[in-house]
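Subject: Structure handover

Dear colleague,

I am passing the structure below on to you, together with an account of what was found in it. Please read the account with the model open beside it.

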Amino acid sequence: MSSFNVHEIRKDFVTLSQVVNGRPLVYFDNAATTHKPSAVLEQVRLYNEKMHANPNRGAHTLGVLATQAYEDAREKVRAFINAKEAQEVIFTKNATEALNLIAYSYGMSQIEVGDEIVICISEHHSNILPWQQVAQAKKATLKYLYLTPDYRLDMTEVEAKITEKTKLVSIAQMSNVLGTIYPVKEIAEYAHKVGAVIVVDAAQSVPHLTVDVQELDADFLVFSGHKMLAPMGIGVLYGKRNLLEKMPPFLTGGDMIEYVEEQSATFAELPNKFEAGTPNVEGAVGLAAAIDYLTAIGLEIVHQHELELTAYALEKLKEIPYIKVYGPDNVKQRGGVISFSVANCHPHDVASIVDTYGVALRAGHHCAQPLMKYLQVPATSRISFYLYNTLEEIDVFIESIKSVRKWLGYGS
Ligand code: 7TS
């Protein structure tokens, strides 16, 4: 598609034309999950109507078709993130399961007493708790990278925290609270210099930016389908072959074996070794359709559109004296996620009041409690954009946000 027309795009998303509380829906909760275009719903329906069977088992025709659909989806993901081989793409339930897989398989087998694991203070709980588990079990140390006053990561902090003792660095490419885009390629270089591996939590980046695992030199990278127009219940773990090969299985059972004896078993080759049990084929088919949809538009164009929305929203929010934004001012350093507070108003009140205008935004700790503590706030309100959002929707949001303090009795 050469010219991007958001109003044409919106026609592909039936959910977005709903009326909520008597007002057209303004869906600004895309960092939590996204809506699905007809093309994704149609491919999932086609799969269910024409190809559904348990893949990797038996040789009947539907079984072969289901296996083909599943493996085609894997190849589509490989090309999307530019992995060397499809076998380096493991399907999981979501980014959280993928991070747990790395922690329990790689972490528990490679991290030793006294080793250090480095993460950032803005991580989502899914990229904190698995490392706490590893650190506690292995008597390793979990270290945090802290942010500059303008919510960025300074390379001197990275240089100071990644040491000879560091065995693993795990970092989100984009914060789900601040919107900050972190320099993971440079961080990967530091990690590799000391012989550590780098895990990239790309849950907020793969849906919005071109991500190339070879260019980043990521050892592992994870994301969820449901944040990029695909169904819930399908996620991806990318890992370099040499690492995945030396890792023990995470879950065991059907589909991940070679031979099973009474007391022992040998395991399948990649990727099956890490895909125990019946997989989510319709989810994978939906993810492949979402990738086709995003690729046809072009992720660069999606990103440009989101930057335009973000710049406009930041400018409008800055005009309101009682609003504080948590995140970089410079749109070049961030994506389309904006956290803010309205003076003296609890974020849950903010969310409930703007909901009466049809505006869906998120209030709370955003699964980032250590970051909330670091920012010294109990919670924030958050808006987050995707390719189908418009400047007009931002105007409705601004109108709704200006009413919050009046509702709560502050006069303005
Ligand atoms: N990592 C990041 C950076 C995230 O933003 C999220 C989800 C996850 C991991 C976990 O993804 P899941 O699909 O496994 O749940 N973030 C959010 C959010 O910001 N609001 O709801 C979910």
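Helices and strands here are DSSP runs, with at least four residues for a helix and at least two for a strand, and they are numbered from the N terminus. Please also keep in mind throughout that this is a predicted model.

With that naming, histidine 124 falls in the loop that connects strand E5 (116-120) to helix H5 (129-138). Its relative accessible area is 25%, so histidine 124 is classed as partly exposed. Leaving aside residues up to four places away in sequence, histidine 124 touches Asn176, His366 and Cys367. Of these partners, cysteine 367 is 243 residues apart from histidine 124 in sequence, yet the two C-alpha atoms are 5.5 Å apart in space.

As for the chain as a whole, its secondary structure amounts to 14 helices and 17 strands. The radius of gyration is 22 Å, close to the 22 Å that the globule rule gives for 412 residues, and the chain is therefore as compact as a globular protein of that length. Along the principal axes, the C-alpha atoms fill a box of roughly 75 × 55 × 40 Å. Buried residues make up 56% of the 412 in the chain, and the accessible surface comes to about 17300 Å², with 52% of that area belonging to carbon and sulfur atoms. When contacts between residues at least 6 apart in sequence are considered, 71% of them join residues at least 24 apart.

Two helices were looked at in more detail. Helix H2 (residues 38-50) has 13 residues, which should span 18 Å at 1.5 Å a residue, and its end C-alpha atoms are indeed 18 Å apart, so the expectation and the model agree. The buried residues of H2 are Val40, Val44 and Tyr47. Because these residues cover an arc of only 60° around the axis, they sit on the same side of H2. The cover over them includes helix H3 (61-81) and helix H10 (281-297), whereas the face of H2 turned away from the buried side carries the exposed residues Glu49 and Lys50.

Helix H14 (residues 391-407) has 17 residues and reaches 25 Å from its first C-alpha to its last, close to the 24 Å expected at 1.5 Å a residue. Its buried residues include Ile394, Phe397, Ile398, Ile401 and Val404, and also Glu393 and Arg405. Just after H14, glycine 409 takes a positive phi of about 85°.

Some backbone details deserve a check on your side. Most residues other than glycine have a negative phi, and most peptide bonds are trans. Against that background, aspartate 217 has a positive phi of about 60° although it is not a glycine. Aspartate 217 is in the loop between helix H8 (213-216) and strand E9 (220-224), and with a relative accessible area of 33% it is partly exposed. Glutamine 376, likewise a residue other than glycine, has a positive phi near 60°. Its place is in the loop between helix H13 (369-375) and strand E17 (380-384), and at 74% relative accessibility glutamine 376 counts as exposed. In addition, the peptide bond that joins leucine 270 and proline 271 is cis, with omega about 0°, and proline 271 is placed in the loop between strand E12 (265-267) and H10.

Which disulfides does a search of the whole structure find? The search finds zero. Cysteine 120, for example, is in no disulfide, and the nearest cysteine sulfur, that of cysteine 367, is 16 Å away. Cysteine 120 counts as buried at 0% relative accessibility, and cysteine 345 also counts as buried, at 9%.

Finally, there is alanine 360, which lies in strand E15 (residues 359-360). Residues up to four places away in sequence not being counted, alanine 360 touches Leu25, Val26, Tyr27, Phe28 and Asp29. Alanine 360 and isoleucine 383 are 23 residues apart in sequence, and their C-alpha atoms are 8.2 Å apart in space.

With best regards

Note on methods. Residues are numbered from 1 along each chain as its sequence is written. This is a predicted model: local features need pLDDT of at least 70, side-chain atom pairs count only at pLDDT 80 or more; totals for chains, interfaces and linings use all residues. Side-chain values use heavy atoms; hydrogens and water are left out. The expected span of a helix is 1.5 Å times one less than its number of residues. Buried means under 20% relative accessible area, exposed over 50%, partly exposed in between (1.4 Å probe, protein chains only). The arc is that of the directions from the helix axis to the C-beta atoms. Contact means heavy atoms within 4.5 Å. The radius of gyration is taken over C-alpha atoms; the globule rule is 2.2 Å times the number of residues to the power 0.38. Accessible areas come from the Shrake-Rupley method with a 1.4 Å probe; for residues, only the protein chains shown count as cover. A disulfide is a pair of cysteine sulfur atoms within 2.5 Å.
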